[in-house]
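Grab a pencil and your favourite viewer. Here are a few short exercises to work through with the model open beside you.

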Amino acid sequence: MYLATGTGTVSNVTAPRYVRDAPDKTLVGTDGALSQTRCKTKGGNYFTLTLQLPQVRPGDQSHRRDIEAFMRAYFPATVRTLGCA
């Protein structure tokens, strides 16, 4: 998550900002988002979801709220399906 807060070289998310009151670590940018939580499964100890919207211009700020709302709903619902220990 630390590396993803840079210029987008890790996450390909432009202008990422932490969502402070999210239950999991979440970064939302102008053209995507990244969320991560502890999730112990056979595959590892964390689950990370990256959302990329290449059709959105990186400088277009108008989608940030919608991206955040989507991640707030979709990410926890996805994690529940994984059977994390």
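The exercises below go from the overall layout to the sheet, the helix and one odd backbone angle.

This is a predicted model, with local features taken at pLDDT of at least 70, side-chain atom pairs counted only at pLDDT 80 or more, and totals for chains, interfaces and linings using all residues. Residues are numbered from 1 along each chain as its sequence is written, and side-chain values use heavy atoms, leaving out hydrogens and water.

**Exercise 1. Work out which pattern the secondary structure follows along the sequence.**

Step 1: list the elements, taking helices (H or I, at least four residues) and strands (E, at least two) as DSSP runs numbered from the N terminus. You should get one helix and four strands.

Step 2: put them in sequence order, and you have β-β-β-β-α.

**Exercise 2. Find out how strand 2 pairs with strand 1 and with strand 3.**

Step 1: recall that pairing takes at least two bridges found by DSSP between two strands.

Step 2: start with strand 1 (residues 17-18) and strand 2 (residues 25-28), which are antiparallel and share two bridges. Tyr18 has Leu27 as its bridge partner. Six residues sit between the two strands of this hairpin.

Step 3: move on to strand 3 (residues 32-41), which is antiparallel to strand 2 and joined to it by four bridges. Here Thr26 is partnered with Ser35, and the hairpin connection is three residues.

**Exercise 3. Check the span of helix 1, then say which of its residues are buried and what they pack against.**

Step 1: the expected span is 1.5 Å times one less than the number of residues. Helix 1 (residues 64-80) has 17 residues, so 24 Å is expected, and its end C-alpha atoms are indeed 24 Å apart.

Step 2: apply the burial cut-offs (buried is under 20% relative accessible area, exposed over 50%, partly exposed in between; 1.4 Å probe, protein chains only). Arg64, Ile67, Met71, Phe75, Thr78 and Val79 come out as buried.

Step 3: think about spacing. With 3.6 residues a turn, residues three or four places apart in an α-helix point the same way.

Step 4: look at the partners. The buried residues of helix 1 pack against strand 1, strand 2, strand 3 and strand 4 (44-52).

**Exercise 4. What is unusual about the phi of Ala15, and is Ala15 buried or partly exposed?**

Step 1: locate Ala15 in the segment before strand 1.

Step 2: read off phi, which is positive at about 55° even though Ala15 is not a glycine.

Step 3: Ala15 has 38% relative accessibility, so it counts as partly exposed.

Conventions: Contact = heavy atoms within 4.5 Å.
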